[in-house]
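Subject: Structure for your review

Dear colleague,

Please find below the structure that I am handing over to you. I would be grateful if you would look through it alongside the notes that come after it.

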Amino acid sequence: MKIPFSRPPIVGGEIENISQAFENGIHMGGGKFSKKTEKFIENEFNIGKVLLTTSCTDALEMAAILSGGKVDDEFIVPSYTFSSTANAFALRGMKPVFCDIDINTLNIDVNKISNLITNKTKAIVPIHYAGIPADMDKINKIAEDHKILVVEDAAQAVNSKYNKKYAGSLADLGTFSFHATKNYSCGEGGALCINNQNYFKRSDYLLEKGTDRSEVVAGLKNKYSWVDLGSSFLPSDLLASMLYTQLEKRDLIMEKRKRLHSAYVDLFKSIQIDEIKHILIPENVDPNYHAFWILLRDETMRNNFFAKCKEYNISSYIGYVPLHSSKMGIKVGETRESLLVTENISGRIVRLPFYLMNDDEINYVYDSLKKILKLIYK
Ligand SMILES: *Cc1c(COP(=O)(O)O)cnc(C)c1O
């Protein structure tokens, strides 16, 4: 058997909806399925306004423009994240100031944010690692005290809840990813979630290539023109139709992912190697089961683990190279305080394969990993 690290989710009904979108004859963005999907996300996840985009990266770029940040302004971001979280703001000339993470969740360490704030700080950009939301109440409180914007990079957390509220609804702005490696996919896709009404109007301009076309569509004007910055951020209605299918059946997908999560939890309970830490779900979180990470003893142990996985045809993943130690992070970013947890975990974290596995695959992964871990830790 061969176990990839990830596989795009398929729930059934995608092809029918794509055909429908094709027949509708509106293949560009903003068609029936796009509108339906945006409304669906707004209603189900209680988000003020949702705009579909071609990626989470694009949604982050929109958020960076909305932040009003200019060259030399700063934003605070965990070093342990994907490049896009920082890159979107760096494109505006803004400087990433890297923050350490919490050892339990691997999310931004809320106790280390305040020290990094200066009069140039424009935004705090936490991510919800592995689908577990960051401690947003504390982050929002700090931001309020300093009057700065919060953008939640909720790429991994679509359908996760924090204190019974959905990711994407937890800050001024939020971003989702519908990339093929995420829980709900249209291949490449994303969304900008806007909860602060001050950004409603401008977000439409950004999406409409910097024009006020949305006001013509709404019947408020009879011609549109160039009024702001913008780009072509919107996806084809064909993609929206695929996404809609998966979001409608989001709980079915989540239940399947939960089965794999439970199998992994069971595996680590049964091998009783206390030294191996794994993802834990905080009490105030209802997760979407995006990913399962473990921490091994050290980098040598991790190398042993990967070598064995290869023999069993199982693909695992090493996680992120911390941004503060990456080529671009060093060039444009700033590390003001030591990032001990980030450095401690980045060499020994493993992300286990995670997708909609069937029973045979789950059993194979379970049995193989049990053998491998017992062998390397004996
Ligand atoms: C996947 C991911 C992104 C990028 O998503 P795209 O839709 O591929 O642009 C950004 N941030 C985080 C935290 C992610 O996991």
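The notes below deal with salt bridges, then a pair of helices, and then aromatic rings.

Please bear in mind throughout that this is a predicted model.

Salt bridges

Side chains of opposite charge can pair when their charged atoms come close. In this structure, the count of such salt bridges comes to 21. Three of them are described here.

The first joins E44 and R250, with 2.7 Å from N to O. E44 belongs to helix α2 (residues 32-45) and R250 to helix α9 (residues 250-271), so that this pair links parts of the chain 206 residues apart. The two partners do not share a level of exposure: E44 is partly exposed at 33% relative accessibility, whereas R250 is buried at 9%.

The second joins E74 and R336, whose closest N and O atoms are 2.8 Å apart. Because E74 lies in strand β2 (residues 74-78) and R336 in the loop between α11 (327-332) and α12 (340-346), the pair ties together parts that are 262 residues apart in sequence. Is E74 buried or exposed? With a relative accessible area of 5%, E74 is buried, because buried means under 20%. R336, at 30% relative accessibility, counts as partly exposed. This pair also belongs to a wider arrangement, since E74, K95, E334 and R336 are linked in a network of salt bridges.

The third joins E275 and R297, with 2.6 Å from N to O. E275 sits in the loop between α9 and β10 (277-278), and R297 in the loop between β12 (293-295) and α10 (299-311); these positions are 22 residues apart. E275 is partly exposed, at 36% relative accessibility, and R297 is partly exposed as well, with a relative accessible area of 43%.

Two helices in contact

Helix α1 (residues 14-24) packs against helix α8 (residues 237-248) at an angle of about 145°, and their axes are 8 Å apart. The crossing of α1 and α8 is right-handed. On the α1 side, the contact is made by E14, N17, I18, A21 and F22; on the α8 side, by D237, L238, S241, M242, Y244, T245 and Q246. Which classes of residue make up the contact of α1 with α8? There are six nonpolar, four polar and two charged residues.

Aromatic rings

A search of the whole structure finds 14 aromatic pairs. One of them is formed by F40 and Y244: their ring centres are 5.6 Å apart and their planes stand at 70°, so the pair is edge-to-face. F40 lies in helix α2 and Y244 in helix α8, so the pair ties together parts 204 residues apart in sequence. Both rings belong to buried residues, F40 at 15% relative accessibility and Y244 at 11%. Y244 also takes part in the contact between α1 and α8.

F45 and F176 form another pair, with ring centres 6.1 Å apart and planes at 85°, so this pair is edge-to-face too. It links F45 in helix α2 with F176 in strand β8 (residues 173-177), 131 residues apart. F45 is buried, with a relative accessible area of 1%, and F176 is buried at 0%. F45 and F176 are also members of one aromatic cluster, together with Y166 and F178.

Yours sincerely,

A colleague

Notes. Residues are numbered from 1 along each chain as its sequence is written. This is a predicted model: local features need pLDDT of at least 70, side-chain atom pairs count only at pLDDT 80 or more; totals for chains, interfaces and linings use all residues. Side-chain values use heavy atoms; hydrogens and water are left out. A salt bridge is a side-chain nitrogen of Lys or Arg within 4 Å of a carboxyl oxygen of Asp or Glu. Helices (H or I, at least four residues) and strands (E, at least two) are DSSP runs, numbered from the N terminus. Buried means under 20% relative accessible area, exposed over 50%, partly exposed in between (1.4 Å probe, protein chains only). Axes are lines fitted to C-alpha atoms, for helices over the stretch in contact, and angles run from 0 to 180 degrees between N-to-C directions. A crossing is left-handed if the near helix is turned anticlockwise from the far one by less than a right angle, and right-handed if clockwise. Contact means heavy atoms within 4.5 Å. Ala, Val, Leu, Ile, Met, Phe, Trp, Tyr, Cys and Pro count as nonpolar, Asp, Glu, Lys and Arg as charged, and the others, Gly among them, as polar. Rings of Phe, Tyr and Trp (its six-membered ring) pair if their centres lie within 6.5 Å; planes under 30 degrees apart count as stacked, over 60 as edge-to-face and the rest as tilted.
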